[in-house]
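These are my notebook entries on one structure, written down in the order in which I looked things up.

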Amino acid sequence: MRGAFVDPGGDLPRLKAAMAQHGVTIEKILLTHGHIDHCGEAGTLAKELGVPIEGPEEADRFWISRLDEDGKNYGIRGAVFEPDRWLVQGDTVTVGELTLDVYHCPGHTPGHVVFHHPASKLALVGDVLFQGSIGRTDFPMGNHQDLIDAIVTRLWPLGDDTAFIPGHGQMSTFAHERRSNPFVADAALASA
Ligand SMILES: [Zn+2]
C-alpha cells in the first residue's frame, strides 16, 4: 500500500482524501512535465507529505521557475520548487516494489517524460498523447515534429497492447490511437 502522486497540479484536499480513503502511504511525487496544471501545487504537497519530487527532465526548468507568475496570471495556485531528481531518457523510478521506465518525450514541453510499467503494459503519458489527440505544441519551446517523433519512436515500440493514462480525458490504448488518432494514426502519418 505504497504509492505516488503523478502530476498533482492542484486539488490537494481531494488527493489527500483519496490517500486516506485507500490507506495508501505516498512515498513520492512523479512529474511528467512542468506545466502548472500538472505541478502547480507539487512543491506544496511534497513539503506537506515530506516526500521527494522526481521529474521531469531538466529542460522543463523554465516552466517550473515561472509557476508563481503563471499562477497569478491564471488565478490558480502555483509555487516554484526544485525537484529532488531530474530524470533523463533511460532512467527508472520506483514506487513501492514496482519499477517504471522513463522515456523522454519532448514536443509538448522540452523536458516532458513518460512513465511505463512493462509488466502492467501501462503508461502514464502526461500531455504527450490523448485519446483522439496529441499535446499542444504552440507553447514556448514546443515542437510539433519532436512530439510526433517521440510518440512514434518512444511510445509505439512499447507495444500496441499498452494502455495509457493521459494527462487529460479518458484512457486509451496505443493500438486504438494507431488506428484512429487523426494526428498519429499509422495511416495519417503515412499520408503526411
Ligand atoms: Zn501540459
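I began with the accessibility of His35 in this predicted model, and I noted that His35 counts as buried because its relative accessibility is 6%, under the 20% cut-off for that class. I then looked up His108, which is also buried, with a relative accessible area of 3%.

Both residues belong to the zinc site, so I listed the protein donors of the zinc ion, citing the cut-off of 2.8 Å from the metal: they are His33 through NE2, His35 through ND1, His108 through NE2 and Asp127 through OD, and they lie 2.2 to 2.4 Å from the ion. In sequence I found these donor residues spaced as H-x1-H-x72-H-x18-D. The pair of His35 and His108 links distant parts of the chain, 73 residues apart: I placed His35 in the loop between β2 (25-30) and α2 (36-39), and His108 in the loop between β5 (98-104) and β6 (113-117).

What did I write down for the geometry of the zinc site? I entered the site as irregular, with angles of 91 to 167 degrees among the four donor atoms; four donors would count as tetrahedral if all angles lay between 85 and 135 degrees.

Next I turned to Thr32, which lies in the loop between β2 and α2 and counts as buried at 1% relative accessibility. I recorded a polar contact of 2.8 Å between the side chain of Thr32 and the side chain of His33, and His33 is one of the zinc donors. Leaving aside neighbours within four places in sequence, I found Thr32 in contact with residues including Val6, Asp7, His38, Pro56, Gly111, His112 and Gly126.

Pro56 led me to the backbone, where I noted that a cis peptide bond joins Gly55 and Pro56, with omega about -5 degrees. I located Pro56 in the loop between β3 (53-54) and α4 (61-65).

I then checked residues with a positive phi. Asp11 is not a glycine, yet its phi is positive at about 55 degrees; it sits in the loop between β1 (2-6) and α1 (12-22), and at 49% relative accessibility Asp11 counts as partly exposed. Met141, also not a glycine, has a phi near 65 degrees; I placed Met141 in the loop between β9 (133-134) and α6 (144-155), and at 57% relative accessibility it counts as exposed.

How many disulfides did I count? The count came to zero. The sulfur of Cys39 is 17 Å from the closest cysteine sulfur, that of Cys105, and is therefore too far away for a bond, the cut-off being 2.5 Å. From the other side, Cys105 is in no disulfide, and its nearest cysteine sulfur is that of Cys39. I entered Cys39 as buried at 0% relative accessibility, and Cys105 as buried at 0%.

My last entry concerns the sheet, in which six strands form an open arrangement of mixed pairing, in the order β4-β5-β6-β7-β10-β11. The edge strands are β4 (92-95) and β11 (172-173), each of which pairs on one side only. I noted that β4 and β5 run antiparallel and are joined by four bridges, and that Thr94 stands opposite Thr99 in β5.

Definitions and conventions:
Residues numbered from 1 in each chain as written. Predicted model: local features only at pLDDT ≥ 70, side-chain atom pairs only at ≥ 80, totals over all residues. Heavy atoms only, no water. Donors = N, O, S within 2.8 Å, 3.2 Å for Na, K, Ca; no water. Tetrahedral: all angles 85-135°; square planar, octahedral: opposite > 155°, others 65-115°. Helix = DSSP H or I, 4+ residues; strand = E, 2+ residues; numbered from the N terminus. Buried < 20%, exposed > 50% of the residue type's maximum accessible area, 1.4 Å probe, protein only. Pairing = 2+ DSSP bridges. Polar contact = N/O pair within 3.5 Å; in protein donor to acceptor, adjacent residues only side chain to side chain. Contact = heavy atoms within 4.5 Å.
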